[in-house]
Amino acid sequence: NIPFDCNETELQKLFEKFGKVLQVYIPIDSTLCRPKGFAYITFESPSHAVEALNNLDGHSFKGRVIHIIPAKELPRLEGNDEITSYKTKKIIENKKNLGNQHPEWNSLFLGSKATANILCQKLNISKEHLLKGDEIPVTAAVRLAVGETDIVKETKKFLINNGVCLDAFNKVNTEKSTDTLIAKNLPAGTTAKELFEFIQSNLHTDDTYCMPNVILPPYGVTAIIAFGNKNEAKKAFK
């Protein structure tokens, strides 16, 4: 019976009085694009969860009397040799290993194919002319490298002008956003309208209220997609 307008931060503050909260999850109604009126709170310690239940059940929160009940834990595949296949175990193991690593990733990197397509559109020339032109005595690799540098420079300028902090892309220990995604390797020339329609069709909704804000730099190969809440972002990511 939680209010429809409450968010994860408010619930976090309410429940963390009784112990460390690992996660707050508010399910969203995909049809109405609003919270369903209940939430899952995961504590680090079972005793803290019990304490929260005893103290908050029947508590008034933002004008509503909330009801607290223990959640039913879903069965886990991990460690169950009878129902877990070797492939599933390897996937779980790989995810754990990846979670302990912090690989650096250049969000603005462009592949040679994308670079070539963008340069051809920008200069209005054929790909053959771009890669084999005799006007400039340099190799195709050099042409693409110089072209990529210019494209990345323009992209950085666009992102900065739109309030994006570029340093955040390279900070290894920075906490990841829960409601914003980065889409890479989009076809050269992708428009914001095309990306918007693609997201809309995959989220299976016609309600523009549920749709994110899309920041699409020139040439349309990388986009920043900011959702209204982390549940929609998680759904889109999957």
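**Exercise 1. Locate Glu 197 and Lys 193 in this predicted model, and describe how they are placed and joined.**

Solution. Start with the secondary structure: both residues belong to helix 7, which spans residues 192–203. Their spacing is four residues, about one turn of the helix. Next, look at the side chains: Glu 197 makes a salt bridge with Lys 193, and the closest N and O atoms are 2.5 Å apart. Finally, check the accessibility. Glu 197 is partly exposed at 39% relative accessibility, while Lys 193, at 59%, counts as exposed.

**Exercise 2. Work out which residues are linked with Lys 62 in a network of salt bridges.**

Solution. Let's take the partners one by one.

- Step 1: Asp 5 pairs with Lys 62, with 3.5 Å between the closest N and O atoms. Asp 5 sits in the segment before helix 1 (8–15) and Lys 62 in the loop between strand 5 (60–61) and strand 6 (64–65), so this salt bridge ties together parts that are 57 residues apart in sequence.
- Step 2: Lys 62 also forms a salt bridge with Glu 10, where the closest N and O atoms are 3.4 Å apart. Glu 10 lies in helix 1, and this pair links distant parts of the chain, 52 residues apart.
- Step 3: Put the pairs together, and Asp 5, Glu 10 and Lys 62 form a network.
- Step 4: Add the accessibility. Asp 5 is exposed, with a relative accessible area of 57%. Lys 62 is partly exposed at 42%, and Glu 10 is partly exposed at 28%.

How many salt bridges does a search of the whole structure find? The search gives three.

**Exercise 3. Classify the ring pairs that link Tyr 25, Phe 38 and Tyr 40.**

Solution. A search of the whole structure finds three aromatic pairs. Among them is Tyr 25 with Tyr 40: the ring centres are 6.1 Å apart and the planes meet at 15°, so the pair is stacked. The cut-off that matters here is that planes under 30 degrees apart count as stacked. Tyr 25 lies in strand 1 (residues 21–25) and Tyr 40 in strand 4 (residues 40–43), so the pair ties together parts 15 residues apart in sequence.

Now turn to Phe 38 and Tyr 40. Their ring centres are 5.9 Å apart with planes at 85°, so this pair is edge-to-face. The result is a cluster of Tyr 25, Phe 38 and Tyr 40.

Are these rings exposed, partly exposed or buried? Tyr 25 is partly exposed at 31%, Tyr 40 is partly exposed at 41%, and Phe 38 is partly exposed at 36%.

**Exercise 4. Find the charged group that sits over the ring of Phe 4.**

Solution. Look above the ring of Phe 4: the charged end of Arg 64 sits there, 5.1 Å from the ring centre.

**Exercise 5. Trace the open sheet made by strands 7, 8 and 9.**

Solution. First, read the order: the three strands run 7-9-8, with antiparallel pairing. Second, identify the edges: strand 7 (180–183) and strand 8 (213–215) each pair on one side only. Third, take the twist, which averages 20° from one strand to the next. Last, inspect the pairing of strand 7 with strand 9 (residues 223–226): four bridges join these antiparallel strands. A handy residue to begin with is Thr 180, which stands opposite Ala 226 in strand 9.

Notes. Residues are numbered from 1 along each chain as its sequence is written. This is a predicted model: local features need pLDDT of at least 70, side-chain atom pairs count only at pLDDT 80 or more; totals for chains, interfaces and linings use all residues. Side-chain values use heavy atoms; hydrogens and water are left out. Rings of Phe, Tyr and Trp (its six-membered ring) pair if their centres lie within 6.5 Å; planes under 30 degrees apart count as stacked, over 60 as edge-to-face and the rest as tilted. Helices (H or I, at least four residues) and strands (E, at least two) are DSSP runs, numbered from the N terminus. Buried means under 20% relative accessible area, exposed over 50%, partly exposed in between (1.4 Å probe, protein chains only). A charge sits over a ring if NZ of Lys or CZ of Arg is within 6 Å of the ring centre and within 35 degrees of the ring normal. Two strands pair if DSSP finds at least two bridges between them. Axes are lines fitted to C-alpha atoms, for helices over the stretch in contact, and angles run from 0 to 180 degrees between N-to-C directions. A salt bridge is a side-chain nitrogen of Lys or Arg within 4 Å of a carboxyl oxygen of Asp or Glu.
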